[in-house]
Amino acid sequence: MEVKYKPKVLCSQIWNAVVISMYREHLLSVDHVQKLLYQQVTSDEDGKRTLKPPTFFVSQDDSAFDQEFYPSHSEAERRISFFAQSLSSVLPEPVPVENMPTFTVFTPHYSEKILMSLREIIRESDQYTRVTVLEYLKALHSDEWDNFVKDTKILAEENSSNFGQASAYGQAFAQDADKAEAKLKTDDLPFYTIGFKSAAPEFTLRTRIWASLRSQTLYRTISGFMNYAKAVKLLYRVENPEMVQLFGGNGSERLEQELERMARRKFKFVVAMQRFLKFNKDERDASDFLLRTYPDLQISYLEEMPATEEGGQPRIYSCLIDGHSEVGADGRRKPYYRIQLPGNPILGDGKSDNQNHSIIFTRGEYLQLIDANQDNYLEECIKIRNILGEFEEYNPPTVSPYSPAAEPQPTPVAIVGAREFIFSENVGILGDVAAGKEATFGTLTQRIMAEIGARLHYGHPDFVNFIFMTTRGGISKAQKGLHLNEDIYAGMNSFTRGGRIKHTEYFQCGKGRDLGFCSTLNFITKIGTGMGEQMLSR
């Protein structure tokens, strides 16, 4: 059974998914979405249903259209324009989803903020300021806050009507128009001020999530990179329309299970939470909320047990849990794996040791190394097969490399680098300077360095050839003091042992930067010290 679809129909599904993902993140209003979506309309001639392209595409060729498709200078505009520009690059040919390699996103976490609490958001940050974090974020993202409030009001209306309460709007319109308008404004004031009117957890949590997705939090990182699972499902569904029919069409439970199975096969997300068992109540609640929201998220941590004999060393285990783990009587999740380590693995500066003890839980041929203050987007995740194609392993040679007939092969690709967008660039002058520095070094300089074969590994959104790196000294060196910039040494390792390092222009992730003078100074000190150590080490 072969189901034929026009390419336009299949492309429209991907485009609509991208637009709806932006709407769910409150970057676009309903009016904007209407102008950006492909819609099914009934044809006038034969009465058949046809696809109507969005006004956004039609207006590109017709200057008579003067409409707003997204707020000007907004995040939505930046994302759509980068996505469009990136598609004009030379992309490696993708393979079908079933044949694509497996990869893991790997994030070390120590004490970074997981999810902002209500107290942090709506109280003044110190005695010298009169501005709360929420008010500051509202000023920075005013359009997104308006979209969020409209969404929340609809939700509140539905809730109040479900419980049989007369809607505030209904009561207001029963009186004369002026009074009605005044009452509506009064009723809406809490929504526009703090984002909720009822203190029910589902409403306060929405405000906390909205603020967390616009700050440097682990929740932002995880919700961004979990888009890989959505992208794999979306591509699998679009490329296999006959499979969709076979499993009962869109929306059927069997189809969802098949899509979930494929996403789990191809993608894993491991967060190495070094302090997991030492979290306070807020951090425990936040990590539990992460596991409930994303059950496939895996968390690795260290567990310390008392010594078996008196005066002996405590036993330390490396453990792994996820959202499907069984919850014990004490409220703790039972780990799937509990591996005894020969001693305390934290020997160096912490981050690299945290990665090294957790790397056994990653799966697949490739790793993407991510910090706990990054972000990703659905439209970038769709390009995952192209970027994995940069490793040049999709078409391996058919002749044995040891055969006399074998042709010389290029050296293996060890690391593929990607661009970063600094999302904290509009948060004061320091953010702006950090963003300019990143554009200069992270994009302009690295593309030249990659061209002459001198680019190393600088952490963040780089993809690593897992088999190549782990058989040549690992991805993190962990000697205290000497290996301060552990990612630079991973680049040196692969470089000196015959690996190539590439840089891509068509893929980008979000990244937060330090926003205080002291933290910026610490970062620059770390870079300077690291450079000194590199000079000594080589």
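What follows is a conversation about a predicted model, in which a colleague asks for the reasoning behind several descriptions.

Colleague: What makes serine 212 buried?

Modeller: Serine 212 has a relative accessible area of 0%, and buried means under 20%, so serine 212 meets the definition. Serine 212 lies in helix 10, which covers residues 201–212, and it touches Leu115, Met116, Thr217 and Arg220, leaving aside residues up to four places away in sequence.

Colleague: Why is histidine 73 called exposed?

Modeller: The relative accessible area of histidine 73 is 78%, and because exposed means over 50%, the word applies to histidine 73. Histidine 73 is found in the loop between helix 3 (55–58) and helix 4 (75–86), and it has a positive phi of about 55° although it is not a glycine.

Colleague: Why does glutamate 392 count as partly exposed?

Modeller: Glutamate 392 has a relative accessibility of 41%, and since buried means under 20% and exposed over 50%, with partly exposed in between, glutamate 392 counts as partly exposed. Its place is in the loop between helix 18 (384–389) and strand 10 (413–422), and its phi, near 60°, is a positive value in a residue other than glycine.

Colleague: How do you know that helix 12 and helix 14 are oblique to each other?

Modeller: Helix 12 (residues 227–239) and helix 14 (residues 253–266) pack at an angle of about 125°, with their axes 9 Å apart. Angles over 145 degrees count as roughly antiparallel and those from 65 to 115 as roughly perpendicular, while an angle outside the named ranges is oblique, and therefore helix 12 and helix 14 are described as oblique. Their crossing is right-handed. Among the residues that make the contact are Ala229 and Tyr236 of helix 12, together with Leu255 and Met262 of helix 14, and the residues of this contact divide into seven nonpolar, no polar and six charged.

Colleague: What makes strand 7 and strand 9 stand at the edges of the sheet?

Modeller: The open sheet has 10 strands in the order 7-6-5-4-3-8-11-10-12-9, with mixed pairing. Strand 7 (337–341) and strand 9 (374–375) each have a single partner strand, so one side of each is left without a neighbour in the sheet. Strand 7 pairs with strand 6 (residues 315–322) in the antiparallel sense over five bridges, and glutamine 340 in strand 7 is the bridge partner of tyrosine 317.

Colleague: Where does helix 14 lie relative to strand 3 and strand 4?

Modeller: Helix 14 lies across strand 3 (103–109) and strand 4 (267–273), and it runs at about 55° to strand 4.

Definitions and conventions:
Residues are numbered from 1 along each chain as its sequence is written. This is a predicted model: local features need pLDDT of at least 70, side-chain atom pairs count only at pLDDT 80 or more; totals for chains, interfaces and linings use all residues. Side-chain values use heavy atoms; hydrogens and water are left out. Helices (H or I, at least four residues) and strands (E, at least two) are DSSP runs, numbered from the N terminus. Buried means under 20% relative accessible area, exposed over 50%, partly exposed in between (1.4 Å probe, protein chains only). Contact means heavy atoms within 4.5 Å. Axes are lines fitted to C-alpha atoms, for helices over the stretch in contact, and angles run from 0 to 180 degrees between N-to-C directions. Angles under 35 degrees count as roughly parallel, over 145 as roughly antiparallel, 65 to 115 as roughly perpendicular and the rest as oblique. A crossing is left-handed if the near helix is turned anticlockwise from the far one by less than a right angle, and right-handed if clockwise. Ala, Val, Leu, Ile, Met, Phe, Trp, Tyr, Cys and Pro count as nonpolar, Asp, Glu, Lys and Arg as charged, and the others, Gly among them, as polar. Two strands pair if DSSP finds at least two bridges between them.
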